[in-house]
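Okay, thanks everyone, let's get going. I'll put the structure up and then walk you through a few bits of it.

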Amino acid sequence: MVSREQLTGTPSFVIIAAFKLLPEWAQADDSIRARAAAELTRALTEASQRVEASIYLSQGLKASADFFLRIHANDLAEAQSYVNECAQTIIGRHSLIADIMIGISKPRRYITQENSAHLNEQLNNSKYESATPRYAIVIPVKKTAHWWNMSESERLHEIEVHTQKSLVYMRCVKRELYYSTGLDEQDFITYFETADLHAFHELNAALAGIRENEFQIRCEHLMLLGAICSVSEIARILSRQSAF
Amino acid sequence: MVSREQLTGTPSFVIIAAFKLLPEWAQADDSIRARAAAELTRALTEASQRVEASIYLSQGLKASADFFLRIHANDLAEAQSYVNECAQTIIGRHSLIADIMIGISKPRRYITQENSAHLNEQLNNSKYESATPRYAIVIPVKKTAHWWNMSESERLHEIEVHTQKSLVYMRCVKRELYYSTGLDEQDFITYFETADLHAFHELNAALAGIRENEFQIRCEHLMLLGAICSVSEIARILSRQSAF
Amino acid sequence: MVSREQLTGTPSFVIIAAFKLLPEWAQADDSIRARAAAELTRALTEASQRVEASIYLSQGLKASADFFLRIHANDLAEAQSYVNECAQTIIGRHSLIADIMIGISKPRRYITQENSAHLNEQLNNSKYESATPRYAIVIPVKKTAHWWNMSESERLHEIEVHTQKSLVYMRCVKRELYYSTGLDEQDFITYFETADLHAFHELNAALAGIRENEFQIRCEHLMLLGAICSVSEIARILSRQSAF
Amino acid sequence: MVSREQLTGTPSFVIIAAFKLLPEWAQADDSIRARAAAELTRALTEASQRVEASIYLSQGLKASADFFLRIHANDLAEAQSYVNECAQTIIGRHSLIADIMIGISKPRRYITQENSAHLNEQLNNSKYESATPRYAIVIPVKKTAHWWNMSESERLHEIEVHTQKSLVYMRCVKRELYYSTGLDEQDFITYFETADLHAFHELNAALAGIRENEFQIRCEHLMLLGAICSVSEIARILSRQSAF
Amino acid sequence: MVSREQLTGTPSFVIIAAFKLLPEWAQADDSIRARAAAELTRALTEASQRVEASIYLSQGLKASADFFLRIHANDLAEAQSYVNECAQTIIGRHSLIADIMIGISKPRRYITQENSAHLNEQLNNSKYESATPRYAIVIPVKKTAHWWNMSESERLHEIEVHTQKSLVYMRCVKRELYYSTGLDEQDFITYFETADLHAFHELNAALAGIRENEFQIRCEHLMLLGAICSVSEIARILSRQSAF
């Protein structure tokens with residue numbers, strides 16, 4: 001499987017696909033479980049030259065999803081095809097697809113050299129300097145018509161406030177922003193990785209208290225929270241037998 | 001099956017019908033899968049003199065639907081009957097109907113020679129000039145009571161702004177508008193085809209920032225996104241065995 | 001079964017009951033299907049001296065319902081009992097009851113000889129003069145507390161506007177109004193029959209643009225749309241085998 | 001089973017528990033049905049010294065519930081335990097619990113001798129004087145933060161208006177009020193019995209038109225409507241075989 | 001299993017995980033039921049050195065959950081792993097996970113020695129002095145953007161009012177507050193234990209009538225109510241056979 005840097009061309013697409021094991025999976029016997037774990041590991045480590053994929057363990061953290069995938073590809077159809085390959089594995093065939101979110105990667109819109117030189121430099125210089133992230137959080141965000149009808153400079157101001165509040169957390173929270181307007185119900189998929197959920201909570205609490213928050217609305221998709229583990233560890237957990 | 005131009009009389013009806021394969025389909029054996037693919041292909045290419053139908057692959061792009069149909073007919077009952085014929089195929093019988101939306105084709109209401117001559121001419125002259133579309137997007141839209149209670153000229157103005165913003169995208173986004181007020185929960189079904197999802201995203205972001213957006217509301221039906229492929233390719237994918 | 005005119009006494013009750021066939025029905029064999037069709041036809045044509053019942057085919061038009069019943073009775077318990085008899089048929093036992101709405105018939109409240117003599121006369125003189133209706137539409141409506149707190153004369157005015165807009169459509173749209181406040185989540189069940197869905201759409205678009213629309217709200221029940229066919233034809237369609 | 005008057009101590013608790021038979025119940029054979037009816041009758045007539053329980057038939061009136069129980073006990077755990085005993089009967093084991101609402105009985109809060117002497121006397125003197133009630137209606141009600149933040153005297157005034165509108169219906173509508181704030185999603189469970197659904201509808205329409213209605217909001221629980229019949233009659237209906 | 005005080009380090013995490021037994025569990029035979037009860041008891045009393053877990057019986061009180069767990073751990077992954085171990089027990093494998101809520105323990109934010117010395121002292125001195133709690137209530141709370149955009153001192157004022165209203169109930173209601181912003185859909189998980197549901201209701205009614213309530217909004221997670229019993233008693237009830 002290619003690394004993300006090898007994916008050429010822009011924009012690249014992302015699919016977040018959440019899976020929930022069916023209750024019947026609890027009755028599967030040991031031999032199929034062993035094959036299932038090996039197969040899922042293989043699917044996520046060998047299968048594709050066209051996508052970059054990660055898996056997260058949400059079992060025990062989210063009622064509606066046992067694991068979710070984040071898949072990047074230059075071509076949406078490649079990512080779609082890869083989701084379907086995973087859904088064809090033993091574990092995929094014993095799961096429901098609980099949710100799918102779609103987005104695009106784009107260059108930053110507001111905080112740029114032209115718009116906001118100092119913040120732009122600070123953002124560019126901010127580095128993740130903490131322990132290897134252990135958790136990934138996906139929060140879909142929709143913004144009101146009022147927000148989109150505000151002037152570009154007014155929105156720039158709110159995003160500057162947002163960025164100012166966020167900067168201090170960049171050394172312990174990695175983030176990525178995907179754009180979804182027109183492709184999905186939400187406007188953005190915000191993706192985070194952290195080893196420090198307490199700091200992540202404080203970041204979100206800080207962002208709740210700025211004016212931008214008054215323009216955020218709910219959409220059909222709900223947030224996801226998953227543990228970052230090795231593919232084989234997640235495959236093992238999803239296919240394990242009762243511990244008792 | 002007739003082509004759409006052969007359908008005579010106006011208005012014509014559209015049914016968008018989304019199907020989700022049942023988990024049991026994963027257990028179907030190879031012989032039934034082969035028959036299923038052939039049968040679905042036949043249903044979509046030979047069956048009807050009365051409807052024009054297309055199929056889209058949403059498996060891997062939408063959690064709630066594996067494929068959807070867009071069916072045009074001069075008589076709604078003909079389209080209804082055709083949906084039911086498809087639901088009687090092997091793949092249909094192993095699916096739930098996840099959603100159905102109903103609309104009517106009508107001539108443009110606001111941008112006409114009388115109301116807005118220049119924009120009307122620009123619209124009439126705009127041509128899709130890009131690669132063959134690879135994706136179809138269906139977005140149901142409901143408008144607030146406030147919108148419908150505005151004067152005709154005020155609404156005309158907003159639609160002129162909408163059209164102005166859209167014109168530049170017409171060469172890479174095909175669009176079709178269906179009217180649903182009274183026939184379904186939404187007021188409109190907006191249908192798009194494109195080979196360039198990035199441009200489509202930009203179009204939607206542009207339309208989010210105009211006043212018309214303040215009068216749009218959610219309805220029960222959600223948007224659909226599907227890949228445009230040949231009927232036999234979609235039939236093959238829907239009836240394929242595990243790739244691993 | 002009695003005709004509706006034979007039902008004596010007022011007010012009479014209505015139950016709208018929507019059924020969705022279970023996926024398992026697709027596996028039923030031919031002999032049970034034949035019995036099912038005959039039994040449903042009998043249930044709807046012979047069974048009752050106490051109710052007047054109609055059946056509508058929504059399969060292929062609504063994802064959540066394959067057919068729905070409209071049942072009138074002077075006594076709600078009679079209508080309830082009849083719904084349950086239908087649910088005990090073979091087709092009923094292979095269905096879920098997807099939704100039930102309950103209402104009462106009452107004399108017109110606003111447009112009367114005393115309140116609005118001219119409109120009242122126009123309404124009384126309006127006649128359905130089109131082809132036999134082919135479709136039935138059921139739209140539940142709830143009104144805001146603001147509406148109910150407006151003065152009687154203010155509401156009368158809005159209903160006069162509503163009626164004025166509607167009159168021209170009465171020759172091609174039949175309508176019936178049921179009252180539900182206190183008996184169900186909605187305030188009204190509006191029921192329509194038409195052979196001309198285009199005109200019906202225009203009627204609804206016209207009513208969207210009057211002030212009354214600002215006081216309408218969503219409720220749990222969704223609209224229904226069904227084809228009007230003979231009982232035996234609907235029974236045949238619901239119990240048919242695959243066409244392919 | 002004790003009568004309600006024998007339950008000592010205040011406040012007493014109420015549980016409203018709604019059950020929906022599973023589709024599989026349609027396949028049960030005759031011998032289990034006979035046992036099921038006898039068992040349910042016994043459970044509701046003999047089982048408990050600690051609770052007072054009633055059963056209502058909502059099959060055919062509500063899509064989501066076939067029957068519901070109203071259980072009073074001085075101790076919530078006793079009512080809970082009784083719900084679970086009913087859920088352990090044959091009919092209970094073939095049902096889903098569709099909804100549960102919890103409330104407390106308390107003395108009237110607003111209309112008292114001190115607050116509103118005349119209305120209090122009128123309420124105390126109002127008597128149900130109509131035919132034996134045939135229907136029970138359960139309507140959960142939540143009130144806005146605005147309502148609860150109004151002064152006590154302002155709320156008293158609205159409740160006086162409410163009471164004034166209601167008094168005339170007391171001879172044909174029995175009512176009971178339970179308090180749920182903190183124990184459930186709603187603030188109140190309003191419970192009614194009547195033999196005259198038309199009058200009950202008129203009562204609710206009258207209450208829709210007072211200011212109090214502007215402070216009512218939706219909650220997760222939906223209203224229930226059920227027929228009041230003997231326990232053995234309801235047990236017979238729930239366990240009957242196909243009538244055709 | 002460790003007691004909560006032995007969990008070192010701050011902040012500690014909480015997971016509230018609600019389980020709903022599948023209908024199939026009703027068909028399980030006696031031998032598996034006996035093993036299931038013993039296994040669940042063992043899982044909750046012996047299994048872990050890393051978490052502190054409690055179980056509550058919501059069967060008969062909540063339609064969507066038969067029992068729920070409250071799990072504290074210094075490391076969220078430990079709590080996650082423990083939820084999954086419980087889900088691997090016999091009872092867990094015959095259940096759906098109906099809901100999961102996640103939060104963090106933190107020191108009090110508003111009522112501190114610096115901000116509000118007198119209330120802080122009163123809070124610190126308030127002691128639960130009633131009978132052993134019999135019920136636990138979990139209420140997720142989200143606050144509006146307006147709330148979070150108010151000044152710190154304005155929010156402090158509202159929380160002082162909240163605290164003032166609450167103080168008198170502290171001797172009969174235990175409470176615990178978890179913070180969820182960024183980790184889950186809600187901002188807070190409020191957890192209560194009481195032997196006196198009437199007092200608990202009065203507390204909630206009092207808090208409904210303060211300005212803070214105008215900033216509370218719904219989120220996807222619903223409240224829970226469960227009985228506090230011994231682990232073995234709950235295990236026995238969840239795995240019991242029909243009582244009739």
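So, a warm-up for you: in which sense do strand β5 and β9 of chain C pair, and over how many bridges? They go antiparallel, with four bridges between β5(C), residues 135–143, and β9(C). Before I go on, please keep in mind that this is a predicted model.

If you want a spot to click on for that pairing, go to C:V138, which sits opposite C:L224 in β9(C).

Now stay on β5(C), since it has other partners to show you. With strand β7 of chain C, residues 188–194, β5(C) makes an antiparallel pairing too, this one over seven bridges. There, look for C:A136 facing C:E193 of β7(C). Then there's strand β8 of chain C, just residues 216–217, which pairs with β5(C) through two bridges, antiparallel again. The pair to look at there is C:K143 and, opposite, C:Q216 in β8(C).

Let's hop over to chain D for a second. Strand β5 of chain D, residues 135–143, is joined to β9(D) by four bridges, and the two run antiparallel. One pair to find is D:A136 with its bridge partner in β9(D), D:G226. And what about the faces of β9(D), residues 224–227: covered or not? Both are covered. On one side you've got D:L224 and D:G226, on the other D:L225 and D:A227, and all of these are buried.

Okay, on to how chain C meets chain B. The contact uses 28 residues of chain C and 31 of chain B. On the chain C side, α7, residues 197–208, and β9, residues 224–227, each put in at least two residues. So β9(C), the strand that pairs with β5(C), turns up here as well. The largest share of that side is from α7(C), with eight residues. By type, the chain C side splits into 15 nonpolar, nine polar and four charged residues.

Last thing, the symmetry. How do you get chain C onto chain B, that is, by what rotation and what shift? You rotate by 72°, with 0.0 Å of shift along the axis, and the two superpose with an RMSD of 0.0 Å. That's the relation of a five-fold axis. And if you're wondering which C-alpha of chain C is nearest that axis, it belongs to C:E220, at 9.1 Å.

That's my tour, so over to you for questions.

Note on methods: Residues are numbered from 1 along each chain as its sequence is written. Chains are lettered from A and ligands numbered from 1 in the order in which they are written. This is a predicted model: local features need pLDDT of at least 70, side-chain atom pairs count only at pLDDT 80 or more; totals for chains, interfaces and linings use all residues. Two residues are in contact if their C-beta atoms, placed from the backbone, lie within 7 Å. Ala, Val, Leu, Ile, Met, Phe, Trp, Tyr, Cys and Pro count as nonpolar, Asp, Glu, Lys and Arg as charged, and the others, Gly among them, as polar. Two strands pair if DSSP finds at least two bridges between them. Copies are superposed by least squares on the C-alpha atoms of residues with pLDDT of at least 70 in both. A residue is buried if 20 or more other C-beta atoms lie within 10 Å of its own, exposed if 12 or fewer, and partly exposed in between; C-beta atoms are placed from the backbone.
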